Amino acid sequence: MGMSGRRLHSELFNCLLSGECRQDRLYGLLWPKAHPPLLAARRNELILQRIWALASVFAVLTLVWIPLDVLALPGRQALELMALRIAACGAFAHLAATARRRSSLWWVYRNLAALYAVPTVFYFASLLLLRHPGLGPYARIALQAYWALPAVAMAGLGVFPLTLAESAAFALPIVAGEAFALSSHLGVFFPGGILDAVWMMFLMGGIAVVVGISQLSFAITLVSHSQRDALTGCYSRKSISDLLELHFKESSRLGTPLAVAFLDLDHFKQINDLFGHQIGDGVLVAAARSVQAALHGAQCVGRWGGEEFLILFPGKSAAEAIETVQRIRAAGLGHCPESRQVTVSVGVAERIADRCSDGTSLVRAADLRMYAIKNSGRDRVCGPEESRSAAFMAA
């Protein structure tokens, strides 16, 4: 276990030295609550996919082992184990059929716990069934496979990208169950002594923790790189769309507001036509940095396409979003090559006020208001109330 602990420490230390993991990412390796929403959602999907795959494989392998039990065990024990295996197969099949119905963290924990509960129950039930003093030599050889079940279960944790806290939470019941089996003399066919079994469990657990954290570290790096727009550093369109759907579902479930702001830089095509795309890219980068600096990291901003940006305001009303957008405009979005200040047209929409049924309709409402501003003079902000006013319609 000491060697495994040193490996884990080395993994975390190398992650920091390599620049792949800032302090927030280090917390993400230790505790799941440190994960941003997009990473959490994609990690949940990955874990559920692997639960589905393992449950499907175990459902088949559990039945495949029945002929070996029939050949190696006396008739009564073989029949009892056959019934036990059929029940375990049914449990694995049910888990495989339902694992991917949802994607919340609670659902992940429920299904992961179920995945480990089935072999744990099978393990203890098989120990009770096989406590027979008259087993022959062939039976004892076949039963060595049952001794490996807890170690295999422990090693299986490495399949999942789990944090250190999650790995410990799922590993401790396995260790406790093995300790109970040894202390109560249920494991009558263990080939080694108690120390050998305990050492094997800790060794497998240490390796599984290191492998799981390595997978999680890679997933954090991969998601972090893939979700960002290469030019501006904002979220990509796909990532901001995924975040919008996550926040929309949460807002609908809790009945809280969700506002979005659709920003479009004014006269940007003229900048590209007069000064070239390289200068235009510089204007885009400066504008994106100004928006991000004004938001102080509290909201989510993504590049929707070209010179368009989308900002999410979870839990904020349209009035609060407009107040923030006005602060962004007041702080400035940079300057054009001829020293003219960059201006922006902004449409704001809010889930409840606009009675939107999904994220797409919410963005469409903000987009239509932005285009209305473009057609009526630019460099303004329009929200739900403004769009209904006669003054705006007449502008």
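**R42 and its partners**

I started at R42, which is partly exposed, with a relative accessible area of 22%. A reminder to myself before going on: this is a predicted model.

Which residue does R42 pair with in a salt bridge? I found D242, with the closest N and O atoms 2.7 Å apart. D242 sits in helix α12 and R42 in helix α3, so this pair ties together parts that are 200 residues apart in sequence. I checked exposure on the other side too, and D242 is partly exposed, with a relative accessible area of 25%. The pair has company: R42, K238 and D242 are linked in a network of salt bridges.

**Other salt bridges**

I then asked how many salt bridges the structure holds. The count came to 11, and I followed up two more of them.

The first was D264 with K374, whose side chains meet at 2.6 Å, N to O. This one links distant parts of the chain, with D264 in strand β1 and K374 in helix α16 (residues 359-374), 110 residues apart. Are these two buried or exposed? D264 counts as buried at 5% relative accessibility, and K374 is buried as well, with a relative accessible area of 14%. Both values fall under 20%, which is the cut-off for calling a residue buried.

The second was D379 with R329, a salt bridge of 2.8 Å, N to O. D379 is in the loop between α16 and β5 (381-382), while R329 is in helix α15 (residues 318-331); the two are 50 residues apart, so I noted this as another link between distant parts of the chain. Here D379 counts as partly exposed at 33% relative accessibility, and R329 is partly exposed, with a relative accessible area of 24%.

**Largest pocket**

Next I looked for open space. The largest pocket holds about 860 Å³. I pulled up its lining, 21 residues, and those closest to the pocket centre are A41, N44, S103, S104 and L246. Which elements give two or more residues to this lining? They are α3 (37-64) and α12 (237-254). The largest share comes from α3, with eight residues. I remembered these helices from the R42 entry, as R42 lies in α3 and D242 in α12.

I sorted the pocket lining by class and got seven nonpolar, five polar and nine charged residues.

**Cavities**

For enclosed space I searched the whole structure, and three cavities of 30 Å³ or more turned up. The largest cavity has about 130 Å³ of space. What lines the largest cavity? I listed P119, T120, Y123, F124, L149, P150, A153, P173, I174, G177 and E178. At least two of the lining residues come from each of α6 (105-129), α9 (149-155) and α10 (164-183). By class I have eight nonpolar, two polar and one charged in this lining. I put that beside the pocket entry, where the charged residues number nine.

**Two histidines**

I looked up H247 and found it in helix α12. At 18% relative accessibility, H247 counts as buried; the cut-off is under 20%. Which residues does H247 touch, not counting those up to four places away in sequence? My list reads L258, C300, L312 and P314.

Then I went to H267, in the loop between β1 (258-265) and α13 (268-275). H267 is partly exposed, with a relative accessible area of 31%. Leaving aside neighbours within four places in sequence, I found H267 in contact with R340 and R378. I took the C-alpha to C-alpha distance for H267 and R378: they are 9.2 Å apart in space but 111 residues apart in sequence.

**α13 against α14**

Since the H267 loop runs up to α13, I carried on into that helix. How do α13 and α14 pack? I got an angle of about 140 degrees between α13 and helix α14 (residues 277-295), with their axes 7 Å apart. From α13 the contact uses F268, I271, N272 and F275, and from α14 it uses H277, I279, G280, V283 and L284. I classed these residues as six nonpolar, three polar and no charged.

How values were computed
Residues numbered from 1 in each chain as written. Predicted model: local features only at pLDDT ≥ 70, side-chain atom pairs only at ≥ 80, totals over all residues. Heavy atoms only, no water. Helix = DSSP H or I, 4+ residues; strand = E, 2+ residues; numbered from the N terminus. Buried < 20%, exposed > 50% of the residue type's maximum accessible area, 1.4 Å probe, protein only. Contact = heavy atoms within 4.5 Å. 1 Å grid on protein atoms, 1.4 Å probe; cavity = no way out; pocket = protein on both sides within 12 Å on 5 of 7 lines; lining within 4 Å. Points joined across faces, edges and corners; volume = space filled by probe spheres on them. Nonpolar A, V, L, I, M, F, W, Y, C, P; charged D, E, K, R; others polar. Salt bridge = Lys/Arg side-chain N within 4 Å of Asp/Glu carboxyl O. Axes fitted to C-alpha atoms, helices over the stretch in contact; angles between N-to-C directions.
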